[in-house]
Amino acid sequence: MTHREATPYGTPGVGSLTRLMTAMILAVVSLLTACDDMRFPRDVEGTLETVLSDKEMTVAASENPPWVVFGDSGSPQGVEADLTRAFAEELGVAINWKRLGAFSALAGLETGDIDLAIGGFARKDVTTVTGAAPSFVYFEEAFVIGTRTKEDRTDSFEDQQVFVPSHLPLAALVEDEGGIPVNQWTDDLTLAAVPHWQLEVNNLAATETTLHRTEHVIAVQQGENAWLMRIEGFFRREMGTMGARLRAYAP
């Protein structure tokens, strides 16, 4: 006769093991049943499903050339507006545009009335707004000092005039480098503060000085992870076109 080793809880048997396995299976099934949707990632508010079912997405656009530009037509143009249209076409949905200021566009995401916010936003600006979630950094923009004289790439600009476009807040940064910011691009000037993608457009060569970097993102409502991943997938495929798109809207 075969004897089973006794334990403090008695002698184990086939019935006990069966009951233990059954209890474990039931626990797993109960856990799975408690989750009404095991898909990952998922949206807390169901944005992706709503956009696809309604065949429309609401986009807040904040003017910020060349990312978002409003003309006489009222419909936004610019790099991010073009990309948003292409994304909507890929989804097969229409766009309900809302023209808003930068903060209003981001703050409006929290209520769920806005599905996507664009406006050349910097990542650091989006993360400070309650309810707004930034995408991955799809483009890093470097603001540099360029020179017309390709053989002169000095990093010293003491008392030299540097052209700064009026729409770019770079004057103080140029002064920090010892330069004198001016707002007219004349033939006798050799230095200009511009985004790195504008160097080629203006026949400039980069010096060794970078004034500032901006990590560009778009924004959605926090918690809408499936929606964000769908958008990010599209933007990742378009990253290689950013230089050409920006140059097309260069002033």
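Which residues in helix 2 meet which residues in helix 7? In this predicted model, T47, L48 and V51 are the residues of helix 2 that meet A226, W227 and R230 of helix 7. Sorted by class, the contact of helix 2 with helix 7 comprises four nonpolar residues, one polar residue and one charged residue. Two packed helices are described by the angle between their axes and by the distance between those axes. Helix 2 spans residues 47-54 and helix 7 spans residues 225-238; their axes come within 6 Å and cross at roughly 70°. Because angles of 65 to 115 degrees count as roughly perpendicular, helix 2 and helix 7 are assigned to that class, roughly perpendicular to each other.

Two residues of this helix contact, T47 and W227, also appear in the lining of the largest cavity. Rolling a probe the size of a water molecule over the atoms shows where empty space is left. The structure holds one cavity of 30 Å³ or more, and the space in the largest cavity amounts to about 40 Å³. Besides T47 and W227, the lining of the largest cavity includes G112, I114, D115, V220, Q221 and E224. By class, this lining divides into three nonpolar, three polar and two charged residues.

I114 and D115, both in the lining of the largest cavity, are also touched by T58. T58 is placed in strand 1, which covers residues 56-61. With a relative accessible area of 11%, T58 is buried, because the term applies under 20%. When residues up to four places away in sequence are not counted, T58 touches N96, K98, D113 and L116 in addition to I114 and D115.

An open space was also identified: the largest pocket has a volume of about 500 Å³. It is lined by 27 residues, of which N64, W67, E141, F143 and L168 are the closest to its centre. Several elements each supply at least two residues of the lining of the largest pocket: strand 5 (116-122), helix 5 (123-126), strand 7 (139-147) and strand 11 (205-221). Strand 5 provides the largest share of this lining, with four residues. In terms of class, the lining of the largest pocket consists of 16 nonpolar, eight polar and three charged residues.

Terms used:
Residues numbered from 1 in each chain as written. Predicted model: local features only at pLDDT ≥ 70, side-chain atom pairs only at ≥ 80, totals over all residues. Heavy atoms only, no water. 1 Å grid on protein atoms, 1.4 Å probe; cavity = no way out; pocket = protein on both sides within 12 Å on 5 of 7 lines; lining within 4 Å. Points joined across faces, edges and corners; volume = space filled by probe spheres on them. Nonpolar A, V, L, I, M, F, W, Y, C, P; charged D, E, K, R; others polar. Axes fitted to C-alpha atoms, helices over the stretch in contact; angles between N-to-C directions. Parallel < 35°, antiparallel > 145°, perpendicular 65-115°, else oblique. Contact = heavy atoms within 4.5 Å. Buried < 20%, exposed > 50% of the residue type's maximum accessible area, 1.4 Å probe, protein only.
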